[in-house]
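Welcome! Here is a short tour of a structure that may be new to you. Take a moment with the view below, then read on.

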Amino acid sequence: MASMESLAASARSLLNLELTPGQIAAFQTYADELRAWSGRFNLTAITDPQSIQIKHFLDSLTVLKALPPGWGRLRLVDVGTGAGFPGLPLKIICPELRLTLVEATGKKVAFCQALVAKLRLNGVAVLKARAEELGQDPAHREQYDWALARAVAEMPVLAEYLLPLVRLGGHVLAQKGEGGPAETHAAESAVRRLGGQLGQILPVELPGIVETRYLVIFDKVAATPPAFPRRPGVPSKAPVK
Ligand code: SAH
C-alpha cells in the first residue's frame, strides 16, 4: 500500500482529505486494474503508478473544491467517464453518493462495470450511451444535481451534453486545462442559450504539474430548450454559438 503514498499525502495537503486505509486499498485496486486492462486495450494514456495517483485520482478528487457541504447525498452524472474519471474516485471517498457514469465506448464501460463490481460499490449506474441520447430521455433529462466531465469536449459542446441533464438550480462542472478561462468566456453565449450561467472558475494546482488546471462551474438558471441536445454527433459538428 506504500505506493499510494503520494495520493494520500497530496489529498491531505491539497484537499484537507484524510483517506482511510479502506479507501487507500480501493485506490490501489483501481490502479492495479487500470494497468492490467491497459495492457489489453487503450484504456488510458497514463499508466505509470505515480501519474495514476496524481493525474487521475487526485485530479478527479479536486472536484471536491467545488462541491457544496453535504455533497455526498447528491445525484451526480459523469459524462464521457472513460475509465471512471472523475466519478469513481469521488464514489470511493463517498459511498452514499448516487452516481451515474456515461460512456459511449463499450470497452471502457466494461472496465467501469468490472471495477464497480470488484470494489463492491453500491448506487452506481454505468451506462453505455451517448450524452445526446440521455439528454432527451425523460429518465435522465433534468434528473441530476450536478453533471461533471473531464477532458471530453470543447466548452460549447460540453454545455450541450451536460446542461440538459441537470435540474433547475443544479450545476455543471467541467475540468479544464490551461485554456479553461478563455474557452469558458468564448462559450458564454452558448451556455446561456442552453439554460446555464457562469458560476465560478476555480484554479487548481496539482503537485509536480506545471500547468494550472481549472474547475469551471455553470449554474442552471433556466430550462434547456427542448431542441437540445441535438442528435448524436451534431453538437460536436456544429457547436451552439
Ligand atoms: N473523463 C475521462 C475520459 C476522457 S476521454 C478522463 O478524464 O480520463 C473522453 C471520453 O468521452 C471517451 O472515452 C469518449 O468515448 C467519451 N465520449 C465522448 N463524447 C461522448 C458522448 N457524446 N457521449 C458519451 N461519451 C462520450
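The largest pocket in this predicted model holds about 610 Å³ of space. That pocket is the space taken by the ligand, so it makes a good place to begin. From there, the briefing moves to the ligand's surroundings and then to some backbone details in the loops.

**The largest pocket**

- A total of 31 residues line the largest pocket.
- Nearest to the centre of the pocket are Gly80, Gly82, Arg150, Ala151 and Val152.
- By class, the lining is made up of 16 nonpolar, six polar and nine charged residues.
- Three elements each supply at least two residues of this lining: helix H3 (49-61), strand S2 (98-103) and helix H6 (131-134).
- Helix H3 gives the most, with three residues.

**Around the ligand**

- The ligand has 16 residues around it, and those that come nearest are Gly80, Phe85, Glu103, Glu132 and Arg150.
- Gly80 and Arg150 appear in both lists: they are among the residues nearest the ligand and among those nearest the centre of the largest pocket.
- Seven nonpolar, four polar and five charged residues form the shell around the ligand.

**Polar contacts with the ligand**

- Alanine 104 takes part through its backbone, where an N or O atom lies 3.4 Å from a nitrogen atom of the ligand.
- Threonine 105 uses its side chain, with a polar atom 3.1 Å from an oxygen atom of the ligand.
- Lysine 108 also has a side-chain N or O atom in play, 3.0 Å from an oxygen atom of the ligand.
- Taken alone, the ligand would expose 570 Å², and the protein buries 82% of that area.

**Cis peptide bonds**

- One cis peptide bond runs from phenylalanine 85 to proline 86, with omega near 5°.
- Proline 86 belongs to the loop between strand S1 (75-79) and helix H4 (87-93).
- Phenylalanine 85 is also one of the residues that come nearest the ligand.
- Another cis bond links phenylalanine 228 to proline 229, and its omega is near 0°.
- You can find proline 229 in the loop between strand S7 (213-220) and helix H10 (234-237).

**A positive phi angle**

- Arginine 120 is not a glycine, yet its phi is positive, at about 50°.
- Look for arginine 120 in the loop that lies between helix H5 (106-118) and strand S3 (124-128).

Key
Residues numbered from 1 in each chain as written. Predicted model: local features only at pLDDT ≥ 70, side-chain atom pairs only at ≥ 80, totals over all residues. Heavy atoms only, no water. Near = heavy atom within 4 Å. Polar contact = N/O pair within 3.5 Å; in protein donor to acceptor, adjacent residues only side chain to side chain. Areas by Shrake-Rupley, 256 points an atom, 1.4 Å probe, with all protein chains shown as cover. 1 Å grid on protein atoms, 1.4 Å probe; cavity = no way out; pocket = protein on both sides within 12 Å on 5 of 7 lines; lining within 4 Å. Sits in = over half its atoms within 2 Å of the grid points. Nonpolar A, V, L, I, M, F, W, Y, C, P; charged D, E, K, R; others polar. Points joined across faces, edges and corners; volume = space filled by probe spheres on them. Helix = DSSP H or I, 4+ residues; strand = E, 2+ residues; numbered from the N terminus.
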